[in-house]
Amino acid sequence: MQTKRQQEIIQTALRLIHEKGIQGLTIKNLSKELAISEPAIYRHFENKTQILVTILDSLQQNSAEIFEEALKKDNGPISKIEFLFERYFLSFSRVPSLTSVIFSEEVFRNEPKLISKIAEIIGFNNQVLLTILKEGQQNNEIRNDVEAEHLAIVIMGTLRLFVKKWQFSEFSFNIREEGKKIIESIKLMIANSQLSSANRSPES
């Protein structure tokens, strides 16, 4: 459980990363933004790395909750994937600064602890997505002419690129509304085309 001060430090750190990049996150800048001394920050976090680990821990927990909730749903695999996208877009719309951390793993390459944490998050998400995709292939709801592992790359890559586009546009469009269009395209790409054709009306 984080203290109120730790939560303030984390929120300020996220804002600094969003505004100045990862290089802008320093204990000195945090001290200035929070109007407290640098030793006061060190009483809550050992260093900048620990602050970033805490942020990634929070992201990991949030991501795990989203994916686990999707797995528990009784609806089909395509609906589960749609749910995943919708929940992620909702999370990002509420806290846009998260995008400056979750899709910026390249800046952590010199920090083994941070790279390891990001690898954990990506690995878990990928494994759950594969479970959903393979379930859909077994049920003949998701196309079988492409390996589930490749479909997972397409899906996660699409999510990443779309969110980065939103970030680079300085959040100029509604990610949830535009995200619905992305979701529909993903559904068209991964659905079993024979099943989709069979479900169409004769007039379509």
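**Reading helix α1 and two positive phi angles**

Q: How many residues does helix α1 have, and what does its span reach?

A: In this predicted model, helix α1 covers residues 4–20, which is 17 residues. From its first C-alpha to its last it reaches 24 Å, close to the 24 Å expected at 1.5 Å a residue.

Q: Which residues of α1 are buried, and how should their spacing be read?

A: An α-helix has 3.6 residues a turn, so residues three or four places apart point the same way. In α1 the buried residues are Q6, I9, I10, T12, A13, L14, L16 and I17.

Q: Against which helices do the buried residues of α1 pack?

A: Their partners are α2, α3, α4 (48–72) and α6 (99–102).

Q: What follows α1?

A: The residue after the helix is G21, and its phi is positive, near 85°.

Q: Which sign of phi do most residues other than glycine have?

A: Most residues other than glycine have a negative phi. A35 has a positive value, with phi near 60°. F171 likewise has a positive phi, near 60°, and is a residue other than glycine.

Q: Where is A35 found, and is it buried or exposed?

A: A35 is found in the loop between α2 (27–34) and α3 (38–42). A35 counts as exposed because its relative accessibility is 68%, and the cut-off for exposed is over 50%.

Q: Where does F171 lie, and what is its relative accessible area?

A: F171 lies in the loop between α8 (148–168) and α9 (175–190). Its relative accessible area is 21%, so F171 is partly exposed; buried would mean under 20%.

Note on methods: Residues numbered from 1 in each chain as written. Predicted model: local features only at pLDDT ≥ 70, side-chain atom pairs only at ≥ 80, totals over all residues. Heavy atoms only, no water. Helix = DSSP H or I, 4+ residues; strand = E, 2+ residues; numbered from the N terminus. Buried < 20%, exposed > 50% of the residue type's maximum accessible area, 1.4 Å probe, protein only. Expected span 1.5 Å × (residues − 1). Contact = heavy atoms within 4.5 Å.
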